[in-house]
Amino acid sequence: MRIVVSGTHASGKSTLISDFAAAHPEFEVLGDPFEAVEEMDAAGAALFAAQLEISAARLLELPAGARVIAERGPLDFLAYLDALDTLRRPTRSPELFRRGIPRTATAMTHVDLLVLLPLSERDAMAVGADEDLDLREAMNDALRELADDGDLVGDAVVVELTGAPHARRAQLDAAIIGSAGVDSDPPIPETG
């Protein structure tokens, strides 16, 4: 089972993945693609396009039957590119967005479960002003819209998780079971 956890910055992706990995050591964790990017200037189209490529390449390289949970996928970075354009940022690039569409669609054919962590007032994450709140909101909106595009997400099961961290973890386990993935707990032997 190949799982991608997607969401705007400061939406709880790392916490969910850490909690999940602690309970499911059989899954390999693929960290945020940002960690693999060479030094670049501020969050602009080139940075997001590079991360889109990294996240797409690692999904395409996974062997059949891999058990992986990835922090972010190409859809995240396509959403950031879209958000830059929506906000009319000087670092936007409609061309990089257009070029990212087929790459994202191809990579998403290698995803079984796409987990979205949408922003919600109910979940209220503490976020500092240095987090570019306008970009955070615009990316969240773009991601939700792109995730509704069947041409982009292919056959991946798409679920939105909300609530406190423990509730999200339980929802993820239920989604995996519903997707015919792994058991969330080992089977209990029947007695007598």
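Is arginine 2 buried or exposed in this predicted model? At a relative accessibility of 16%, arginine 2 counts as buried, because the cut-off for buried is under 20%. The legends below begin with the whole chain and then turn to single sites.

**Figure 1. Overview of the predicted chain, with 7 helices and 5 strands.** The order of these elements along the sequence is β-α-β-α-β-α-α-β-α-α-β-α. The chain has 192 residues, and 47% of them count as buried. Taking the contacts between residues at least 6 apart in sequence, 77% join residues at least 24 apart.

**Figure 2. Close-up of arginine 2 in strand E1.** The side chain of arginine 2 reaches the backbone oxygen of histidine 110 at a distance of 3.0 Å. When neighbours within four places in sequence are set aside, the contacts of arginine 2 include Leu62, Ala66 and Val68. His110, Val111, Asp112 and Leu113 are also in contact with arginine 2. One of these residues, Val111, is the subject of the next view.

**Figure 3. Close-up of valine 111, in the loop between H4 and strand E4.** Strand E4 covers residues 113-116. Valine 111 has a relative accessible area of 4% and is therefore buried. Which residues does valine 111 contact, leaving aside its neighbours within four places in sequence? They are Arg2, Val4, Leu59 and Ala156. For leucine 59, the C-alpha atom lies 7.5 Å from that of valine 111, although the two residues are 52 apart in sequence.

**Figure 4. Close-up of arginine 136 in helix H5.** Helix H5 runs over residues 133-147. The relative accessible area of arginine 136 is 9%, so this residue is buried. A polar atom of the arginine 136 side chain lies 2.8 Å from the backbone oxygen of histidine 9. Arginine 136 can also be viewed with alanine 83, which is 53 residues away in sequence. The C-alpha atoms of arginine 136 and alanine 83 are 8.6 Å apart in space.

**Figure 5. Packing of helix H1 on helix H7.** H1 comprises residues 13-23, and H7 comprises residues 165-178. The two axes are 10 Å apart and form an angle of about 60°. H1 is therefore oblique to H7. The crossing of H1 past H7 is right-handed. On the H1 side, the contact is made by Thr15, Leu16, Asp19, Phe20 and Ala23. On the H7 side, Pro165, Arg168, Arg169, Leu172, Asp173 and Ile176 take part. By class, the residues of this contact of H1 with H7 are 6 nonpolar, 1 polar and 4 charged.

**Figure 6. Packing of helix H3 on helix H4.** H3 spans residues 74-86, and H4 spans residues 94-108. Their axes lie 9 Å apart at an angle of about 160°. This angle makes H3 roughly antiparallel to H4, because angles over 145 degrees are counted that way. H3 passes H4 in a crossing that is left-handed. H3 contributes Pro74, Leu75, Leu78, Leu81, Asp82 and Asp85 to the contact. From H4 come Pro94, Leu96, Phe97, Gly100, Ile101, Thr104, Ala107 and Met108. The contact of H3 with H4 divides into 10 nonpolar, 2 polar and 2 charged residues.

**Figure 7. Close-up of alanine 10, with a positive phi.** Most residues other than glycine have a negative phi. Phi of alanine 10 is near 60°. Alanine 10 sits in the loop between strand E1, residues 2-6, and H1. How accessible is alanine 10, and what does it count as? Its relative accessibility is 30%, so alanine 10 counts as partly exposed.

**Figure 8. Close-up of arginine 88, in the loop between H3 and H4.** Arginine 88 has a phi near 60°, a positive value in a residue other than glycine. With a relative accessible area of 56%, arginine 88 is exposed, because the cut-off for exposed is over 50%. The loop of arginine 88 lies between H3 and H4, the pair of helices that pack at an angle of about 160°.

Technical notes. Residues numbered from 1 in each chain as written. Predicted model: local features only at pLDDT ≥ 70, side-chain atom pairs only at ≥ 80, totals over all residues. Heavy atoms only, no water. Helix = DSSP H or I, 4+ residues; strand = E, 2+ residues; numbered from the N terminus. Buried < 20%, exposed > 50% of the residue type's maximum accessible area, 1.4 Å probe, protein only. Polar contact = N/O pair within 3.5 Å; in protein donor to acceptor, adjacent residues only side chain to side chain. Axes fitted to C-alpha atoms, helices over the stretch in contact; angles between N-to-C directions. Parallel < 35°, antiparallel > 145°, perpendicular 65-115°, else oblique. Left-handed = near helix turned anticlockwise from the far one by under 90°. Contact = heavy atoms within 4.5 Å. Nonpolar A, V, L, I, M, F, W, Y, C, P; charged D, E, K, R; others polar.
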